[in-house]
Amino acid sequence: MTNSTREKKTMLGTVQTLELDGLKVHIYTPPDESLLVNSTVLELADRLIVVDGQIFQKFAAEVGDLIDTLGKPIDRFILTHNHPDHYSGFQHLTERFPGVQLAALPSVRKYLVKMGQQVLDVRRSLFGDEIAARLAVPDAVIVPGELVISAVRFLFQEFSDAESEYTLTITLPDHGVALVADLLGSEHNHLFTVQPNFDGWLAVLDKIRLDVAKYGIKTLIVGHGAPIGPESLPANVAYLEAAKAAFASSAKAEDFVAAVKASLPDRSPDLWVNWSSQMLYGHVAP
Ligand SMILES: [Zn+2]
C-alpha cells in the first residue's frame with residue numbers, strides 16, 4: 001500500500017491508494033466528524049468505478065475532486081447498502097457528473113425508493129444542511145455474479161439481514177481484495193449495530209470467512225476507516241457476540257452502550273456506539 005500525496009494537501013480527508021495489477025484502488029476517508037465513511041474509486045485502465053458517496057456534501061465534493069484529478073470517465077457510481085451515510089452524498093456527485101448511472105442491488109434500490117427520502121429528512125433534522133435535501137435514486141441495478149470490466153474480474157455478492165437490510169460486496173478475486181462495506185470493521189472500532197440482526201450478521205461473517213480463504217483475500221476495504229486484513233475477522237465476531245449479549249440484557253439504549261463498553265473497553269469512538277444504540281432502541285427512526 002502507498003499513500004497518495006497529490007490529493008492530500010488540499011483535502012480535509014485522506015486518500016490511501018492500493019496499487020494492484022491492472023488497476024489502482026483509491027480509498028477516500030473523510031475526517032472523524034463524518035464517521036470516517038469511505039468512498040472507494042476503482043481506477044481501471046480506461047474508466048473509474050466509484051463506490052459509495054459520503055454522508056456530508058462537502059466530503060462528497062472532495063470525492064468529486066479526487067475523481068477530477070484522475071482524469072478518466074466514470075463508468076458508474078455504486079451504492080453498497082441502504083444507509084444514508086453512504087448515499088446522501090450522491091446528491092452532489094450525480095449533480096456534478098450528470099449522466100453517470102447510480103447502480104445498486106435491486107433490493108437496495110427498492111428500499112431507497114420507498115424509504116430513502118424519509119431517512120434523509122430525519123438525518124437532515126438531526127445533522128443539518130450537509131445532509132442531502134434530495135435523494136439520488138439509483139437508476140441502474142447490480143446483478144449479483146461475476147463481471148469482467150476493463151480486463152479486471154469482479155464478483156458482486158448480496159448479503160441480507162446484517163448491518164443493514166441488504167449489502168453488496170465487491171470482490172476482486174484475482175487481486176486478493178474485497179470491499180465489504182459495513183459488514184466488517186477495524187478491531188479498534190465499534191461496529192454499527194443499528195438493528196438487532198446479530199445472528200444474521202454472524203452468519204454473514206461465516207460466509208465472508210469462507211470467501212476470504214477461497215479467494216486468498218489479503219485486504220478488506222471496510223465502510224468506515226482504513227482497510228483491514230483477515231486477521232481482524234475474529235475481533236468482528238467477538239464484537240457481535242458482545243453486542244448481542246448486551247442487547248439481550250439491556251432494556252435501554254444507555255444500558256446497552258455501557259454493557260458493550262464494559263465488554264470491549266478498547267473500542268472507539270464512543271460516537272459510533274452511541275449512535276448505533278439510538279437506532280437499535282428506536283429513538284431515531286427510520
Ligand atoms: Zn456506514
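This section describes strand pairing in a predicted model, beginning with strand S3 and its partners and then turning to an open sheet.

Strand S3 spans residues 23-29, and 5 of its 7 residues are buried, so the strand is largely enclosed by the rest of the structure. Burial here denotes 20 or more other C-beta atoms within 10 Å of the residue's own. S3 pairs with strand S2 (residues 14-20) in the antiparallel sense, over 7 bridges. Within this pair, Thr14 lies opposite Thr29 of S3. The two strands, S2 and S3, make up a hairpin in which 2 residues separate them. Gly22, located in the turn of this hairpin, has a positive phi of about 95°. S3 is also joined to strand S4 (residues 39-43), by 5 bridges and again with antiparallel direction. In this pairing Tyr28 is found opposite Ser39 of S4.

An open sheet is built from 5 strands in the order S9-S10-S11-S12-S13, and its pairing is mixed. The edges are occupied by S9 (145-149) and S13 (219-222); each has a single partner strand, so one side of each is left without a neighbour in the sheet. On average, neighbouring strands of this sheet are turned by 25° against each other, direction ignored.

Within the order of this sheet, S10 is followed by S11. Strand S10 covers residues 152-160 and strand S11 residues 166-172, and the two pair in the antiparallel sense over 6 bridges. Phe156 has Ile170 in S11 as its bridge partner.

Key:
Residues are numbered from 1 along each chain as its sequence is written. This is a predicted model: local features need pLDDT of at least 70, side-chain atom pairs count only at pLDDT 80 or more; totals for chains, interfaces and linings use all residues. Two strands pair if DSSP finds at least two bridges between them. Helices (H or I, at least four residues) and strands (E, at least two) are DSSP runs, numbered from the N terminus. Axes are lines fitted to C-alpha atoms, for helices over the stretch in contact, and angles run from 0 to 180 degrees between N-to-C directions. A residue is buried if 20 or more other C-beta atoms lie within 10 Å of its own, exposed if 12 or fewer, and partly exposed in between; C-beta atoms are placed from the backbone.
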